[in-house]
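Dear colleague,

Please find the structure we discussed directly below this paragraph. My notes on what was found in it follow, arranged by topic.

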Amino acid sequence: MQSTSSSARWASPKRSATEALAARYRHLFVLPRTEIILLLTALTSFLLSLEARGSGWVSAFITATVIAVLSSIAISSALLIADKTTIANFRRTSAMVLMSQALWLVCTTAGLGYSAVIGSTRPLANAVMFGAFVGLGMEFLTVNGAFTESTPLSAPLAAVHPVSTFLIVGLPLTTGPFSLATVGTGAVSLAVIAAFTPLLRRRKTSHGHDPVRLFQAFMKAWTNKDAADLEAVISDHAEPTRVVTKVMRFRQSSGDTFVVLPGVHPGPFFPVGSYNLPGVIAEEFKETGHVLTLHRPGGHERNLTSNDLAHQYASQICEFARTIIPSEAGTMRGPLYGRIGKASVSSTAFSRDVLLTISFAPLGSDDLEPRVEEEMSRLASAVGFTASTVDAHNSLAHEQEHPDTSDPGWKDIFARMKDSEPRPLSIAYSHSSEVGFSAGDDVTENGINLLMLETGGTKSVLILADANNAVSNLHEEAAKALESSGYQLIEFCTSDSHDLAARGLTVTRGYRALGEATPVNVITKLVVDLARLAETRLAQCRYGSGEFTSSVSVFGSKALDEFASITQSSSKFAKRYAKPAVATALSLLALSLAL
């Protein structure tokens with residue numbers, strides 16, 4: 001890691017644990033439409049019947065197609081009866097049946113070709129039987145690996161389709177004694193394929209959870225929106241801790257506006273843990289006042305272990321916020337701005353509370369480390385302030401910047417704040433829902449908030465989008481649009497909400513950053529409209545703040561790293577296992593053709 005005066009720059013940034021997990025799993029959920037799957041199933045049934053039965057293909061094709069459809073219905077229904085939370089549905093079991101038939105067709109085609117060469121139907125008959133075993137192995141692997149942990153249930157369900165189809169397509173070909181030898185090669189191939197999941201299950205987390213269970217829990221969370229199994233696994237690895245939450249309260253005659261800096265991090269992804277923390281807090285504050293939930297330094301190690309805990313935590317914040325008495329006349333120092341190396345910094349003080357924002361836009365940045373917040377608090381305390389550090393989380397790029405807290409510029413900005421004079425403060429709040437804003441899937445339903453702060457005729461705005469990071473040029477474009485309309489941008493922040501994370505699994509990182517789905521020009525027009533709306537509501541305020549400490553159960557960095565590690569090692573094991581398994585299956589196929 002090389003340092004600059006303001007940052008440490010990673011040439012090949014390490015992905016977060018959640019991004020690593022998303023990258024490993026996301027392609028497993030991308031299936032064709034059900035109609036396409038059924039069409040391809042009918043096509044493979046036709047080819048399989050034509051190759052195996054020749055002139056008698058018509059009745060075999062119709063029957064095999066019906067069997068494939070009925071098998072998919074039977075398997076998904078049986079799994080649903082056994083486990084109401086299974087991800088097995090008609091579409092997914094149909095895809096499994098299609099894959100099984102495709103492998104079976106490959107074996108049969110090889111047998112047909114060899115039969116044509118030697119002028120005997122024996123290789124074709126052997127290939128049809130061998131393909132049935134391969135198809136059975138593939139279906140067992142899918143059922144036991146993705147749909148259910150029960151091996152006794154997986155075996156008969158995996159046999160339904162290949163056995164039924166074989167009785168129609170293959171049995172008439174395998175009447176000679178030579179067919180018995182093929183049973184042996186097919187059985188060995190079946191064992192090689194089916195052995196993968198038991199071998200994989202030998203790997204365990206520190207609390208005894210194997211990769212297959214972890215994978216199935218992720219599948220349920222991502223595809224069925226059922227987080228119970230995954231949250232149970234996470235809870236077993238949880239770390240109890242105490243977190244400090246900061247709340248600022250601004251009171252006007254028209255109502256109150258709150259700024260919340262939670263000690264908990266949003267995440268890891270929908271619908272697990274504290275994924276939608278900013279939205280949950282906003283919902284909790286509906287009857288209390290407007291709220292901006294800003295993103296503090298720290299990462300997914302500070303995720304809560306369940307969404308129920310996130311709701312409890314949000315309720316505690318709201319209850320505490322109601323106890324804060326805005327006893328002081330609203331005043332403000334700043335905003336002061338600084339370019340500390342590559343970091344853009346704003347500093348605004350209300351009474352003795354400093355709100356410090358850090359952004360690297362247009363350079364890349366992600367979650368800042370907790371030590372940044374600790375150092376800012378130390379520097380602020382030295383000059384009589386309490387610092388609340390905001391990670392703006394507003395610029396997505398491949399290379400990531402990190403603050404160098406030893407830079408003297410940090411100390412200087414607090415010294416400048418001490419020397420500045422507090423001035424009477426007027427504030428106003430506006431929200432994207434008030435102007436008919438229609439966002440893409442890069443902004444949650446919690447929308448975009450704007451807080452306007454006015455002192456001495458200068459109108460400054462703090463923008464908070466309930467989103468996960470932003471495209472690199474959004475900050476600059478918003479600042480230009482606001483400046484041309486007579487407003488000054490304090491910062492354009494995102495909340496780092498993970499409400500949309502892992503819903504769009506075709507996105508490599510598992511989510512869209514702000515500006516990737518909603519055009520930047522639409523967003524910049526919105527913030528100007530919000531600023532104009534807020535300006536009409538400006539009024540003086542009173543101010544109060546407070547901190548409270550909560551005992552919570554969080555993921556912890558050890559658990560996240562352990563989950564990512566076991567997922568990655570399992571993926572490597574699968575690749576290592578696949579090569580000899582495929583080679584073995586091909587060798588056994590060749591042997592069965594020669595028998």
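**Findings from the model**

At 52% relative accessibility, Arg33 counts as exposed. Please keep in mind throughout that the model is predicted.

**Salt bridges**

Arg33 is a suitable place to begin, since its side chain takes part in a salt bridge with Glu35, in which the closest N and O atoms are 3.2 Å apart. Glu35 itself is partly exposed, its relative accessible area being 48%. As general background, side chains of opposite charge can pair when their charged atoms come close.

How many salt bridges does a search of the whole structure find? The total is 17.

Another of these joins Asp210 to Lys204, with an N to O distance of 3.9 Å. Are the two partners buried or exposed? Asp210 counts as buried, because its relative accessibility is 7% and the cut-off for burial is under 20%. Lys204, in turn, is partly exposed at 47%.

A further salt bridge is formed by the side chains of Glu369 and Arg371, at 2.6 Å from N to O. Both partners are partly exposed: Glu369 has a relative accessibility of 36%, and Arg371 has one of 38%. Salt bridges with shared partners also connect Asp83, Lys220 and Asp229 into one network.

**Helices α9 and α10**

Two members of that network, Lys220 and Asp229, appear again where helix α9 meets helix α10. Helix α9 covers residues 211-224 and helix α10 covers residues 228-236; their axes come within 7 Å and cross at roughly 135°. Why are the two helices described as oblique? The crossing angle makes α9 oblique to α10, because roughly antiparallel would require an angle over 145 degrees and roughly perpendicular one of 65 to 115.

On the α9 side, the contact involves Arg213, Leu214, Ala217, Phe218, Lys220 and Ala221. On the α10 side, it involves Asp229, Leu230 and Val233. By class, the residues of this contact are six nonpolar, three charged and no polar.

**Helices α3 and α4**

Helix α3 (residues 57-82) packs against helix α4 (residues 90-118) at an angle of about 135°, and their axes are 8 Å apart. The two are therefore oblique to each other, and their crossing is right-handed. From α3, the residues in contact are Ala64, Ala68, Val69, Ser72, Ile73, Ile75 and Ser76. From α4, they are Phe90, Thr93, Ser94, Met96, Val97 and Gln101. Eight of the residues in the contact of α3 with α4 are nonpolar and five are polar, with no charged residue among them.

**Helices α13 and α14**

Helix α13 (residues 370-381) and helix α14 (residues 408-419) pack at about 45°, with 9 Å between their axes. This pair is therefore oblique as well, and α13 passes α14 in a right-handed crossing. Which residues meet here? Met376, Leu379 and Ala380 of α13 are in contact with Trp410, Lys411 and Phe414 of α14. The classes are five nonpolar, one charged and no polar.

Arg371, described above as a partner of Glu369 in a salt bridge, lies within the residue range of α13.

**Two buried residues in helices**

Ser189 is located in helix α7, which spans residues 178-194. Its relative accessibility is 1%, so Ser189 counts as buried. What surrounds Ser189, apart from its neighbours within four places in sequence? The residues in contact with Ser189 are Phe130, Val134, Ala585 and Leu588.

Pro123 lies in helix α5 (residues 122-147). Pro123 is also buried, its relative accessible area being 0%. With neighbours within four places in sequence left aside, Pro123 is in contact with Gly111, Tyr114, Ser115, Ile118 and Leu593. Of these, Gly111, Tyr114, Ser115 and Ile118 fall within the residue range given above for α4.

Finally, one distance may help with orientation when viewing the model. From C-alpha to C-alpha, Pro123 and Glu454 are 86 Å apart in space, and 331 residues separate them in sequence.

With kind regards

Conventions
Residues numbered from 1 in each chain as written. Predicted model: local features only at pLDDT ≥ 70, side-chain atom pairs only at ≥ 80, totals over all residues. Heavy atoms only, no water. Salt bridge = Lys/Arg side-chain N within 4 Å of Asp/Glu carboxyl O. Buried < 20%, exposed > 50% of the residue type's maximum accessible area, 1.4 Å probe, protein only. Axes fitted to C-alpha atoms, helices over the stretch in contact; angles between N-to-C directions. Helix = DSSP H or I, 4+ residues; strand = E, 2+ residues; numbered from the N terminus. Parallel < 35°, antiparallel > 145°, perpendicular 65-115°, else oblique. Left-handed = near helix turned anticlockwise from the far one by under 90°. Contact = heavy atoms within 4.5 Å. Nonpolar A, V, L, I, M, F, W, Y, C, P; charged D, E, K, R; others polar.
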